[in-house]
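Colleague: Before I rely on this model, I should like to go through the terms applied to it. Please set each value against its definition as we proceed.

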Amino acid sequence: MCGIAGIIHKGKSTNVGGEMQKMLQSLKHRGPDSTGYALYGNGESNNYILRFKVGENVKEGSSAVMEDESVYQERVEQVNSKISTSGATLHKEEQITPYSYRYVISYDGDLLDLAKQIESVEMTEILSLGKSLELIKDIGDASVVAEQYELGDFAGTHGIGHTRMATESGVDIRSAHPYWAYPFSDVSVVHNGQLTNYWNNRRALEKKGMRFMSTCDSELIAVYLADKIRNGIELEEAMRGSLDDLDGVFTYLVATKDKLGMAKDHMAAKPMVLYESDDLVALASEEVAIRTVLPEEIDTYDPYEGEVKVWQA
Amino acid sequence: MASIKKHKSTEMGLHDEVLTGRTQQVFFNPEETENFFYHDAHKVDFNKRTEIDANNLECIDINRKINELMAKGYGTIVIKNPGSKHSIGVGILNKLNLIIEGSLGYFGIGSVDGPVVRISGRVGWSCAENMMAGKVVVEKNAGSCFGAAIRGGDLICKGSVGARSGIDMKGGTIIVGGDAGAFTGFMMQRGRIVILGDVGPNLGDSLYDGTIFVGGSIKSLGADAVEAELTDLDIAWLKRKIKVSEIDKKIDYKKITKIVSGKKLWNYDNLEPTERKGAI
């Protein structure tokens with residue numbers, strides 16, 4: 001089933017981490033396996049924020065392979081070496097969990113080259129690489145993940161998130177949403193639905209050199225959009241194209257450094273409730289999620305089939 | 001906007017369908033009514049009024065409270081602060097004035113038989129699913145699958161509704177003051193749908209029977225849905241129903257489009273209700 005949610009404040013920064021936590025926690029019944037956040041903060045002096053993992057969460061319920069934690073440190077050292085040899089400078093290094101890290105780096109080169117270098121280290125996956133995006137995902141509900149990664153006070157303009165019920169791939173971090181639109185900084189995607197032409201599209205994109213880290217069909221949307229953006233197509237136009245190119249039933253949210261968008265398939269088979277005011281836009285699979293941040297009576301509506309909308313922060 | 005093909009509906013006999021179903025046809029002999037009763041159906045007094053503050057209650061607690069109050073004879077119940085919670089007001093099997101001050105989540109007012117429900121806010125997916133009789137009025141918008149599989153009663157949304165309104169509908173009336181999404185009336189079997197605004201693609205896809213009236217534009221018709229002639233009887237019925245629905249909108253009744261089944265996909269036996277009765 002899965003639940004998705006997003007919020008964007010127009011022209012102001014708020015506690016978007018706390019807001020997303022409340023929204024996603026209220027959607028736990030739609031997906032209890034894992035929770036993910038793509039939060040857009042105030043940045044780190046124009047440096048890149050790199051979120052990556054060097055292993056999986058192997059707690060009860062995970063389908064990941066158990067590893068000795070000692071390998072994580074070896075991998076991190078290799079990542080540090082790759083960053084250095086790529087010409088990037090590491091300014092800040094934080095270990096969040098035994099397998100998950102947050103770095104602040106400065107880098108002037110091609111992000112694709114840097115990303116390839118880092119991900120050449122075994123079991124290492126970049127979750128996000130951007131100037132305002134911080135992508136966090138792990139096993140557990142929204143509160144568990146927010147507490148683990150200290151997201152309750154995260155300040156920013158907008159965010160999207162996902163509660164996942166694993167149906168077609170494992171219960172692990174790599175199959176959790178959101179997905180970063182590798183290798184474009186600050187682009188992330190969450191999705192509720194099922195894509196039925198996943199493999200055809202995946203093979204075509206892989207032939208173009210695009211990279212997939214999981215077998216989750218939702219990752220296809222992020223990679224699809226990344227490919228379009230790479231070819232100079234504007235985000236909104238790429239989203240409109242996805243409605244024809246992607247088969248199946250889906251509603252997805254996409255966020256960039258200063259925008260949040262939504263797209264709904266031609267049959268409107270997956271839910272999305274939308275609230276818009278002069279100050280903010282909030283959307284979620286169920287209105288009950290929006291009401292956690294806007295408890296008063298509000299006017300909401302369901303976007304129609306084939307609708308694409310994009311809002312500016 | 002795709003243009004709709006004109007069909008000679010009169011010759012085809014498509015405009016004279018007979019509405020049946022629980023609200024239109026008596027299936028049970030009055031002498032047998034004593035053998036036909038619902039558990040948890042209560043005799044209530046509409047003059048006995050009370051309130052429930054749903055703010056800190058789960059949906060199961062709200063529904064339990066409604067049932068307890070009906071058992072005590074309360075006939076008018078006001079629910080405050082519903083907070084868009086799911087499945088509120090389901091399974092009410094007797095007459096009741098239920099007033100919801102706010103919005104409901106998914107599956108609100110499902111499987112009811114008899115209450116009159118007024119919702120001041122919005123409703124989520126599948127409002128009044130499986131309703132058998134009664135009246136539900138939604139003041140604002142509604143999500144998808146509005147009135148899914150209803151068998152009778154009047155379901156009114158003064159705003160706009162999502163996709164698949166009236167899906168698998170088996171009787172009753174749905175009236176929408178605003179627009180409706182894709183697949184409205186999908187696999188509809190009986191009853192009537194009135195959309196006063198515009199309608200999305202695949203209207204009436206695979207409908208077996210029943211009638212859909214549209215006041216605005218139609219993006220496209222679904223498989224086996226055809227336009228039929230709007231009769232004076234239709235207009236008289238529409239005027240009466242829309243008046244009862246309290247929708248304050250200026251309507252040019254002659255411009256309403258009537259959609260029925262082309263019956264090319266039809267595999268439905270008119271005698272089936274009679275046969276079913278015999279089997280009981």
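Colleague: What makes residues 17-26 of chain B a stretch of low pLDDT?

Modeller: In this predicted model, local features need pLDDT of at least 70, side-chain atom pairs count only at pLDDT 80 or more, and totals for chains, interfaces and linings use all residues. Residues are numbered from 1 along each chain as its sequence is written, while chains are lettered from A and ligands numbered from 1 in the order in which they are written. The term pLDDT is the predictor's confidence in each residue, from 0 to 100. Over residues 17-26 of chain B it stays under 50. The model has 26 contacts for this stretch beyond four places in sequence, a contact being two residues whose C-beta atoms, placed from the backbone, lie within 7 Å.

Colleague: What is the mean pLDDT of chain B, and what are the ipTM and pTM of the model?

Modeller: Chain B has a mean pLDDT of 87, and 81% of its residues reach 70 or more. The scores are ipTM 0.85 and pTM 0.87.

Colleague: Why is A:Thr35 called buried?

Modeller: A residue is buried if 20 or more other C-beta atoms lie within 10 Å of its own, exposed if 12 or fewer, and partly exposed in between, with C-beta atoms placed from the backbone. A:Thr35 has 30 other C-beta atoms within 10 Å, and is therefore buried. The residue belongs to strand 2 of chain A. Among the residues that A:Thr35 touches are A:Leu24, A:Lys137, A:His162 and A:Thr163.

Colleague: How do you know that strand 1 and strand 8 of chain A pair?

Modeller: Strands (E, at least two residues) and helices (H or I, at least four) are DSSP runs, numbered from the N terminus. Two strands pair if DSSP finds at least two bridges between them. Strand 1 and strand 8 of chain A have six bridges, in the antiparallel sense, and therefore meet the definition of a pair. Within this pairing, A:Gly6 stands opposite A:Ile160 of strand 8. Strand 2 of chain A also pairs with strand 8, in the antiparallel sense over eight bridges, and there A:Gly36 stands opposite A:His162. On strand 14 of chain A, residues 280-284, five bridges join it to strand 1, residues 3-9.

Colleague: What makes strand 7 and strand 13 of chain A edge strands?

Modeller: The open sheet of six strands in chain A has the order 7-2-8-1-14-13, with antiparallel pairing. Strand 7 (133-139) and strand 13 (273-276) each pair on one side only. The twist averages 5° from one strand to the next, where axes are lines fitted to C-alpha atoms, for helices over the stretch in contact, and angles run from 0 to 180 degrees between N-to-C directions.

Colleague: What packs on this sheet?

Modeller: Helix 1 (residues 16-25) of chain A does, touching strand 1, strand 2, strand 8 and strand 14. Its direction makes about 25° with that of strand 8 of chain A.

Colleague: Why are helix 1 and strand 8 of chain A described as mostly covered?

Modeller: In helix 1 of chain A, seven of its ten residues are buried, including A:Val16, A:Met20 and A:Leu24. In strand 8 of chain A, nine of its nine residues are buried.

Colleague: Why is one side of strand 1 and of strand 10 in chain B left without a neighbour in the sheet?

Modeller: Eleven strands of chain B form an open sheet in the order 1-2-3-4-5-6-7-8-9-11-10, with mixed pairing. Strand 1 (45-53) and strand 10 (225-228) stand at the edges with a single partner strand each, so one side of each has no neighbour in the sheet. The twist in this sheet averages 15° from one strand to the next.

Colleague: How do you know that strand 8 and strand 9 of chain B pair?

Modeller: Four bridges link strand 8 (residues 190-195) and strand 9 (residues 211-214) of chain B in the parallel sense. B:Ile193 stands opposite B:Ile212 of strand 9. Helix 3 (residues 232-245) of chain B lies across several strands, among them strand 8 and strand 9, and runs at about 70° to strand 7 of chain B.

Colleague: How many residues bring chain B into contact with chain A?

Modeller: 22 residues of chain B are in contact with 15 residues of chain A.
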